[in-house]
Amino acid sequence: MSDPSPPAVSMESIVALCKRRGFIFQSSEIYGGINGFFDFGPMGAELKKNIRDCWWNDMVRRRDDIVGIETSIIMHPRVWEASGHVAGFTDPLVDCKVSKQRYRADQLFFAEVVVDGQTVGYVSALESENTADQLQEAAESFKRKRAIQGKLGAVAVRNMTEARPEEIALIPSPATGQPGSLTPPRSFNMMFQTNVGAMSDAASVAYLRPETAQGMFADFRAVVDTGRVKLPFGIAQIGKSFRNEITPRNFLFRSREFEQMEMEYFIHEDADWQKCHREWINWCKDWLLSIGLPSSHLSEYNHPREKLAFYSRGTTDIMFRYPFGVQELWGIAARGDYDLMQHEKHSGIPQSIFDEATKRKIVPHVIEPAVGVDRIFLALLCAGYAEEDVRDDKGGVERRTVLRLSPRIAPVKVAVFPLLKNKPELVARAQEIHRRLKRKYAVFYDESGAIGRRYRRQDEIGTPWCVTIDFETIEKDGTFTLRDRDSMQQTRIGEAELFALLEEKVY
RNA sequence: GCGGUCGUAGUUUAGGGGUAAAACCCCUGCCUUCCAAGCAGGUGUCCCGAGUUCGAUUCUCGGCGACCGCACCA
């Protein structure tokens, strides 16, 4: 599709297809469902596995410099103290009890109004480009309205996390302009908590991991000591992570249980990290193209320096144009030596390695490409979903729904049909071919319904090819019809050629 | 978390204080020599709980879930 702005597909129709064809079910649906959790049906499980397998093959097996590991979901709680998640994976929030507005405490600013050295009141403002000016103006207005005489001092901007308890009642809500309705900042830690062992007390508290990355950092020494790795090298893993999101939204995009594919690429502290960072951004983009995401939907977003997380030297997100907007798909972060140093500090175990080239002990720096399997899953469905008009022989127009998935990740690679179900010789031959194909590929056998219906069923689950066994197959040369999903074109092909095609396209 | 809209087969919808309907899908059989054909038969539904009522899927309240806005998204 060369059209730069194809008609927007609605999330509604994608969700409906997911349900109808067994890609995604709502978790625990028979009990009314649970918000932010999803199940993968038969087609979804295949598609997801294919995404993981492609990533693992390309990222780990087909490279000499990256090893794969699998770490536990529950780790020692001190891992999350070291990583900053216990303290920092928390958004202190302030509520306005009157307007019901909620603000992030570090984005809600206030200042004392000081006249002739006396504090006469407070003003507040939300974060913007000129928060300080806004507060200054608000302070002048405050003084004028109350007809206070004297000299107004320059405002000292603070945010709500810095407010003293006795000040909170005096700070006006930005929503109402009146003081007294704001709550003190309250923390909402996004990590799921549980207890390890039979006793539920403070000492037994543990967390479900909110990211897989820390597993790689925590096992860094073990991998270095046993994995026969040399800088630069990477450690990769695929696994579930959990975040107690305040508001899960947009179907799979933000859920509370999700699966990440992360890789920590360790480089020498003197290496050109910007070059390495760029190379990984390009690698990730190429990989997305290789599983069939169109470049027209992809873009890059560089986090502005002042917005970076404290540990980050630079973060670039590969963005995807979802029906609900352009959103982050893959974050590639340059994290410096922050994580290893944190673990060195907290564990007391040195995280440095001996560098042969410089004969020095160094702590490597890291480039981290981190992506969510579920987000890729959703992107593939959004990019691949199409409803198109098809002209039939009689000149009529019909609508068909088709999922254009790359053969690499399609849940079913080939569907095998006997042209007619009531002809035993066709059925037997079709089943025989099916049996040989399924030893190596995910294939599907179907004999029920008209042949056109069977093609359309496969279109909806994204099967790239269908083969139909007909009388020619049996009576003549053994060739059968190969029907292409996207063009709907039919060609005759033999079994050896079919295997060759699959060998080339499914890797 | 706040506000709004909503919740009837797998899907899309109709209906309604007296136990529910259609189309498509799906399954079975017949038929069918390549794009959702036809005929016959079949499975399957009022989100959950409490209240009002002789009786609630329908009304009320609460919960859960979905969508849309706001806020949030280390």
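**Notebook: helices, sheets and ring pairs in chain A**

I began with helix α2, residues 42–61, in this predicted model. At 1.5 Å a residue, its 20 residues should span 28 Å, and I found the end C-alpha atoms 26 Å apart, which agrees. I then listed the buried residues of α2: Met43, Gly44, Leu47, Lys48, Asn50, Ile51, Cys54, Trp55, Asn57, Asp58, Met59 and Val60. For reference I noted that an α-helix has 3.6 residues a turn, so residues three or four places apart point the same way.

**Overall chain**

I recorded 15 helices and 26 strands in chain A. Along the principal axes, the C-alpha atoms fill a box of roughly 105 × 65 × 50 Å. Of the 507 residues in chain A, 48% are buried. I also looked up the contacts between residues at least 6 apart in sequence, and 63% of them join residues at least 24 apart.

**The sheet of β6, β7 and β8**

In which order do the three strands of this open sheet stand? I read the order as β7-β6-β8, with antiparallel pairing. The edges are taken by β7 (118–126) and β8 (158–159), each with a single partner strand, so one side of each is left without a neighbour in the sheet.

I next went through the bridges. Strand β6, residues 108–115, is joined to β7 by eight bridges, and Phe109 has Ala125 in β7 as its bridge partner. Two bridges join β6 to β8, where Arg158 is the bridge partner of Phe110. Both pairings run antiparallel.

The connection between β6 and β7 is a hairpin with two residues between the strands. In its turn I noted Asp116, with a positive phi of about 50°. I then checked what lies across these two strands and found helix α5, residues 131–145, running at about 135° to β7. Close to this helix in sequence number, I recorded a charge over a ring: Arg146 lies over the face of Phe142, at 3.7 Å from the ring centre.

**Aromatic pairs**

I counted 16 aromatic pairs. The rings of Phe110 and Tyr122 have centres 6.1 Å apart and planes at 45°; since planes from 30 to 60 degrees apart count as tilted, the pair is tilted. Phe110 belongs to strand β6 and Tyr122 to strand β7, so this pair ties together parts that are twelve residues apart in sequence. Are these two residues buried or exposed? Phe110 counts as buried at 0% relative accessibility, and Tyr122 also counts as buried, at 8%.

I then turned to Phe417 and Tyr455, which form a tilted aromatic pair: 5.6 Å centre to centre, with 50° between the planes. Phe417 lies in strand β22 (residues 414–418) and Tyr455 in helix α13, so the pair ties together parts that are 38 residues apart in sequence. Phe417 is buried with a relative accessible area of 0%, and Tyr455 is buried with 9%.

I looked for a group of linked rings as well. Phe217, Phe220, Phe233 and Phe266 are joined into a cluster by ring pairs. In a separate entry, I noted that the charged end of Arg375 sits over the ring of Phe253, 3.8 Å from its centre.

**Helix α13 and the residue after it**

Helix α13 covers residues 451–461. Besides Tyr455, I listed Arg454, Gln458, Asp459, Glu460 and Ile461 as buried there. Just after α13, Gly462 takes a positive phi of about 85°.

**Strands β24, β25 and β26**

How many of the five residues of strand β25 are buried? I found four, and I therefore entered β25 (residues 480–484) as mostly covered, with under 20% relative accessible area as the cut-off for buried.

Strand β24, residues 465–469, pairs with β25 in the antiparallel sense over four bridges. Here Cys466 stands opposite Arg483 in β25. Strand β26, residues 490–493, is joined to β25 by four bridges and runs antiparallel to β25. In this pairing Leu482 stands opposite Thr491 in β26.

My last entry concerns the turn between β25 and β26. The two strands form a hairpin with five residues between them, and Met488 in the turn has a positive phi of about 60°.

Conventions: Residues numbered from 1 in each chain as written. Chains lettered and ligands numbered in written order. Predicted model: local features only at pLDDT ≥ 70, side-chain atom pairs only at ≥ 80, totals over all residues. Heavy atoms only, no water. Expected span 1.5 Å × (residues − 1). Buried < 20%, exposed > 50% of the residue type's maximum accessible area, 1.4 Å probe, protein only. Pairing = 2+ DSSP bridges. Contact = heavy atoms within 4.5 Å. Axes fitted to C-alpha atoms, helices over the stretch in contact; angles between N-to-C directions. Phe/Tyr/Trp six-rings, centres within 6.5 Å; stacked < 30°, edge-to-face > 60°. Lys NZ or Arg CZ within 6 Å of the ring centre and 35° of its normal.
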